[in-house]
Amino acid sequence: MTNKNIILIGFMGVGKSSIGRMLADKIDYDFVDTDQLIEAKTKSTIKQLFFEKGEDYFRQVEAEVVEEVALNSKSVIATGGGVVLNPSNIVKLRQNGIIIHLNASNETIIKNLVNDKSRPLIYDGNMLERITTLLEERKYCYDCYDAQINVDGLTVEGINDTICDLLKGNGLNEC
Ligand code: S3P
């Protein structure tokens with residue numbers, strides 16, 4: 001798997017970006033975050049994009065960005081929590097990538113998100129209700145993983161050690 005990308009998927013609030021950044025540093029890979037690329041491409045924040053242009057437009061730009069980063073090699077790619085909603089995103093990412101699902105309990109996710117005002121999908125209305133509904137709706141959406149790690153109670157360092165153990169088993173010598 002030497003040139004493969006490492007793709008992090010998972011629900012909002014599981015820590016994909018902070019974990020991914022540290023992992024990339026540790027194994028000397030490039031780090032890319034699809035949400036950051038969307039913001040750079042549209043010169044807008046994710047929140048503005050949702051409110052001004054709507055979710056469909058956001059998903060369209062997200063798919064374009066995914067198509068571009070899927071061509072990378074040796075990159076850690078942190079994705080937005082909704083990337084799995086479009087199966088073609090996953091097909092593309094998998095072509096040169098190993099997909100790792102960062103899984104967390106509903107309690108952990110709710111704790112991490114409930115005071116977060118930056119995420120448009122949960123900011124609207126009653127946040128706890130929105131998070132719970134989305135968690136239920138997406139219960140099986142992350143099952144497209146090659147490997148899964150439960151992050152409950154683990155530090156970012158601990159999660160990265162676990163990912164590294166897993167990657168070593170897949171022949172990634174950088175770990
Ligand atoms: C979304 C997750 C967000 C961001 C957007 C939509 C989702 O990314 O892409 O707000 O549909 O789950 P994070 O998972 O990094 O919060």
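Is Phe50 buried or exposed? In this predicted model, Phe50 is buried, because its relative accessible area is 11%, and the cut-off for a buried residue is under 20%.

## An aromatic pair

Phe50 does not stand alone, for Phe50 and Phe58 together form an aromatic pair, and the count of such pairs comes to one. The centres of the two rings are 4.7 Å apart, and with an angle of 40° between the planes the pair is described as tilted.

The partner ring can be considered in the same way. Phe58 has a relative accessibility of 3% and therefore also counts as buried, given that buried means under 20%.

## Charges over rings

Two lysines are placed with their charged ends over tyrosine rings. The charged end of Lys47 sits over the ring of Tyr123, at 4.3 Å from the centre of that ring, while the charged end of Lys53 sits over the ring of Tyr57, at 4.9 Å from its centre.

## The ligand and its surroundings

The ligand takes up a space that is the largest pocket. Around the ligand there are 14 residues, of which Lys16, Asp35, Arg59, Arg119 and Arg138 come nearest.

Several polar contacts can be described atom by atom. In the side chain of Lys16, an N or O atom is 2.7 Å from an oxygen atom of the ligand, and a polar side-chain atom of Arg59 likewise lies 2.7 Å from a ligand oxygen atom. Gly81 contributes through its backbone, where a polar atom is 2.8 Å from an oxygen atom of the ligand. Taken alone, the ligand exposes 390 Å², and the protein buries 94% of that area.

Conventions: Residues are numbered from 1 along each chain as its sequence is written. This is a predicted model: local features need pLDDT of at least 70, side-chain atom pairs count only at pLDDT 80 or more; totals for chains, interfaces and linings use all residues. Side-chain values use heavy atoms; hydrogens and water are left out. Rings of Phe, Tyr and Trp (its six-membered ring) pair if their centres lie within 6.5 Å; planes under 30 degrees apart count as stacked, over 60 as edge-to-face and the rest as tilted. Buried means under 20% relative accessible area, exposed over 50%, partly exposed in between (1.4 Å probe, protein chains only). A charge sits over a ring if NZ of Lys or CZ of Arg is within 6 Å of the ring centre and within 35 degrees of the ring normal. A residue is near a molecule or strand if one of its heavy atoms lies within 4 Å of it. A polar contact is a pair of N or O atoms within 3.5 Å; within protein, one must be able to donate a hydrogen and the other to accept it, and residues adjacent in sequence count only if both atoms are side-chain atoms. Accessible areas come from the Shrake-Rupley method with a 1.4 Å probe; for residues, only the protein chains shown count as cover. On a 1 Å grid over the protein atoms alone, a cavity is a set of points where a 1.4 Å probe fits but cannot get out, and a pocket is an open set with protein on both sides within 12 Å along at least five of seven lines; lining residues have an atom within 4 Å of a point. A molecule sits in a cavity or pocket if more than half of its atoms lie within 2 Å of its grid points.
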